[in-house]
Number of protein chains: 2
Amino acid sequence: MSLVVIGSIAFDSVRTPFGERERMLGGSAVHFSLAASFFTEVRVVGPVGDDFGDAEYAVLHERGVDTSDIERVPGGRTFFWAGEYGYDFNTRDTLDTQLGVFGEFDPKLSEESRAAEMLFLGNIQPDLQYEVRRQCDRARLTGLDSMNLWIETTRESLLRVVGDVDLLFLNDIEVRELMEEPNLVRAARAMLELGPRAVVAKQGEYGASLYAADRFFSMPAYPLETVRDPTGAGDSFAGGFMGYLASRGPDASEDDAELRRAMTYGSVLASFNVEEFGTDRVRRLERDEIDARYEEFRAMTEISSAPMR
Amino acid sequence: MSLVVIGSIAFDSVRTPFGERERMLGGSAVHFSLAASFFTEVRVVGPVGDDFGDAEYAVLHERGVDTSDIERVPGGRTFFWAGEYGYDFNTRDTLDTQLGVFGEFDPKLSEESRAAEMLFLGNIQPDLQYEVRRQCDRARLTGLDSMNLWIETTRESLLRVVGDVDLLFLNDIEVRELMEEPNLVRAARAMLELGPRAVVAKQGEYGASLYAADRFFSMPAYPLETVRDPTGAGDSFAGGFMGYLASRGPDASEDDAELRRAMTYGSVLASFNVEEFGTDRVRRLERDEIDARYEEFRAMTEISSAPMR
């Protein structure tokens, strides 16, 4: 199925205990589309400025990502984010945010993008997400990510778009915060009542859990000895998840085994993404490595039947 | 295999968002032995005071726990702990600790206890754990729990006993803190170099992971809508884990599938323990409920093979 992502296309400056990097290619739409590109063709929608050049386009083109709906704004500056992670990566401070061309962004999708069967609304202002959702009214499966900023500043707008999508990809803390319910299971159930068919609660180094009306599934994270840069892990997860489903046809999202595979591929892509700064690891990732790690996930979670008593 | 546990036998006063209870039967040895009792016979070693009466013994005897090595100190008072949990159970404050008979405890194990093939050293002062470990020198498999208090106040003593046991059951934060290494995988590997064959990193609502030289295994926690009292969850986990292994014979701890089952039974017992205050839920637990939840754990973690490409 055709897959379109809208989200930030950005330059990121990141400081971690392992070093720092200036103005790397990043943003939710970039991390999502690179991850999804291993499974299906993906179109990226979003604005960039004059500072977004051939080198940045090349990263996307090398992975076969369709960039024809990236809107280059003459005289504009690409979205910029700078952040710093604490020593165990459990804290992240935003040091700088410059909206640039995103400040004036008024999405007008091409006919090809409007016809998408699958849509991912990366973490941007929820009214923009809602507007894109309206334009892509033929999408059979829409995923959404958000963040604490929008929960705290535009809660009603966020709840409106949450009610209009199928899959939510949120951190477990955000699920609790948005539903104002400290127990994650109850919070996820309350969220399902707003409309989505499934809630994926991302739990960072602890993995991710999927909640739906009639199913529950939980995945640990891959045990990495070295995490260099967690930026984009959630978008890589969503990209692996939705990219895989897109490759499996219109009914895959109804199939329990396929959803579990999607969770696994999402976890695999997220685990590679954090191994190096920015997009470095995913850029040179091979499909065989993805398949090998999928098998590692299977092995590290498998439980035999209980013995006869 | 015969299983002995030494640890606190206590009265606990607990305040949670769901209410409070005064002077309930608790303590690491009590929670451990009740959980283990579903799989094997278990002997409890530890001191109590005059205030430990027939009602308390009855809870243990109902589950077939051997209490003949509980030492009742005339004129003494049983260990007392009071604590309070925050609204999402992610914080716990100790409000009061009264060592009572534990202040003077000098373990002298009976011949039957010294002959134990399996030993669990519940969370008490590490020099006491070491002394008991020395007395039980025929144990083929010894497990150990500890806490941040001992890491911070008696680190060298704790490292000594860690080097003399087979299985560690610690919170992931404690693994990192003891090894002074923020990455859990590296911290667990460093800990294995001290001597233990496996490190079980308990992660509360996120589950638990097992690290050994040649294996890794990860379990999510059971998705509970209502957690009433997490006190004793870790001891119930260790009790289910070691009780199951004790029931499976001397080579079970070398068998990958058996270790995974042990992780699962540990998770099952911990999940029941937290559903009600103190020992209430585990006291009236039935073996069939344990087996049914084991199957739920299997179902909620199972991943199919990747499809052919």
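**Two helices and a paired surface**

Student: How are α1(A) and α9(A) oriented to each other?

Tutor: Helices are DSSP runs of H or I of at least four residues and strands are runs of E of at least two, numbered from the N terminus; α1(A) and α9(A) are oblique to each other, a word for angles that are not under 35 degrees, over 145 or from 65 to 115. This is a predicted model, in which local features need pLDDT of at least 70, side-chain atom pairs count only at pLDDT 80 or more, and totals for chains, interfaces and linings use all residues. Residues are numbered from 1 along each chain as its sequence is written, while chains are lettered from A and ligands numbered from 1 in the order in which they are written.

Student: At what angle do the axes of α1 and α9 of chain A cross?

Tutor: The axes of α1 (residues 28-36) and α9 (residues 233-247) of chain A cross at roughly 40° and come within 7 Å, where axes are lines fitted to C-alpha atoms over the stretch in contact, with angles from 0 to 180 degrees between N-to-C directions.

Student: Which residues in α1(A) meet α9(A)?

Tutor: Contact asks for C-beta atoms, placed from the backbone, within 7 Å; among the residues of α1(A) that meet α9(A) are A:H31, A:F32 and A:L34, and those in α9(A) include A:D235 and A:M242.

Student: How many residues does each chain give to the contact of chain B with chain A?

Tutor: Chain A and chain B give 30 residues each, and on the side of chain B that touches chain A, α12(B) gives the most, with six residues.

Student: What rotation superposes chain B on chain A?

Tutor: Two copies of a chain are related by a rotation about an axis and a shift along it. Here the rotation is 180° with 0.0 Å of shift along its axis (RMSD 0.0 Å), superposed by least squares on C-alpha atoms of residues with pLDDT of at least 70 in both copies. That is the relation of a two-fold axis.

How values were computed
Contact = placed C-beta atoms within 7 Å.
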